[in-house]
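The following numbered points are offered as a colleague's note on the structure shown below. They concern the packing of selected elements and residues.

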Amino acid sequence: MNMRKIGLCSISTNHRAKEHIARASAIIESIGIECFSFFVDERCDENADIVVALGGDGTILRSKKYAKQHGVPVLGVNIGRIGFLSECGIEELGQAINKIQNDAHTVEHNMMLTCTMHDGTKTECTNDFIIYKSRLGSIANFEIMIGGSSYGTVFGDGLVVCTPLGSTGYSLSAGGSIISTSVSAIGVTPICSHSLGARHLIAPAQTDIPIIVNMLSEGILSNDGCEEFKLHIGDSLVITPSNSCFDLIRFKSRNLYNIVRSKLI
């Protein structure tokens, strides 16, 4: 890939983040490539050949806004705690850029999900949608349909509906399965379910998942932890595969299970 300009994305404006941006800029410019920086909540119209997301998984996920707008892949550089989605550390950034220039990389196309709310509002996620009650002492119930068939009603605190990429996030903590990114599937995981028969399930990626939310008070829909939408009693949601995908730069075959073992066990 003949790169002329790289965008550096960071989630914070604090002093430490600025130090990482300065260090990454120096590395990239020493290779002879122009770069610019922006923060995830800023609108940036400057064009880049790739985005380098400096931070943890949250930064990488939130860089999707720019990446989708400009149709470019993201290289995750881990400065966070776990870094499931990242491909290298900042000390390896120079080697990573050289590999991309020499086409010694692949682009992993990760599925995304779209949620259409009762009023027609649509939002997308790369990792997961989290549907949660807003009152601590109450119980919500969710009527779930999968592929035109009723899965039944789940009672509990909430639901996580995730992509394979997001299966190692909140879904995993709530008892969900790890889904390989090579599999086209959607995970549905109850959170603290009061229905003993309700367990995590995996649906084909081509499936539509309508959900009717019944709560004693307002609830919340979150997409990747980036945005929140209020839900009311009886609101309906339909979660479907998105037409978009989230492109991540990879340098070698990733063994997801080795990563999970090294990061979490």
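1. In this predicted model, the buried residues of helix 4 are covered by several elements. Among the helices and strands that contribute are helix 1 (15–30) and strand 1 (5–10), together with strand 3 (50–55), strand 4 (74–78), strand 5 (88–89) and strand 17 (236–250).

2. The residues concerned in helix 4, which spans residues 93–101, are L93, G94, A96, I97 and I100; these are buried. Because they cover an arc of only 160° around the axis, they lie on the same side of helix 4.

3. Attention is also drawn to D103, which follows helix 4. The phi of D103 is positive, near 60°.

4. The largest nonpolar core contains 28 residues, and within this core I144 and I211 touch the most other members. Another core lies apart from it and has 24 residues, including I6, I79, I90 and A96.

5. Which residues does I144 touch, if those up to four places away in sequence are not counted? On that basis, I144 touches S149, S150, Y151, G152, V154 and L159, as well as V188, I209, P210 and I211.

6. I179 is placed in a loop, between helix 5 (170–173) and strand 12 (185–191). Is I179 buried or exposed? The relative accessibility of I179 is 4%, and buried means under 20%, so I179 counts as buried. Along the chain, I179 and A203 are 24 residues apart, and their C-alpha atoms are separated by 11 Å.

Key:
Residues are numbered from 1 along each chain as its sequence is written. This is a predicted model: local features need pLDDT of at least 70, side-chain atom pairs count only at pLDDT 80 or more; totals for chains, interfaces and linings use all residues. Side-chain values use heavy atoms; hydrogens and water are left out. Helices (H or I, at least four residues) and strands (E, at least two) are DSSP runs, numbered from the N terminus. Buried means under 20% relative accessible area, exposed over 50%, partly exposed in between (1.4 Å probe, protein chains only). The arc is that of the directions from the helix axis to the C-beta atoms. Contact means heavy atoms within 4.5 Å. A nonpolar core is a set of buried Ala, Val, Leu, Ile, Met, Phe, Trp, Tyr and Cys residues joined through side-chain atoms within 4.5 Å.
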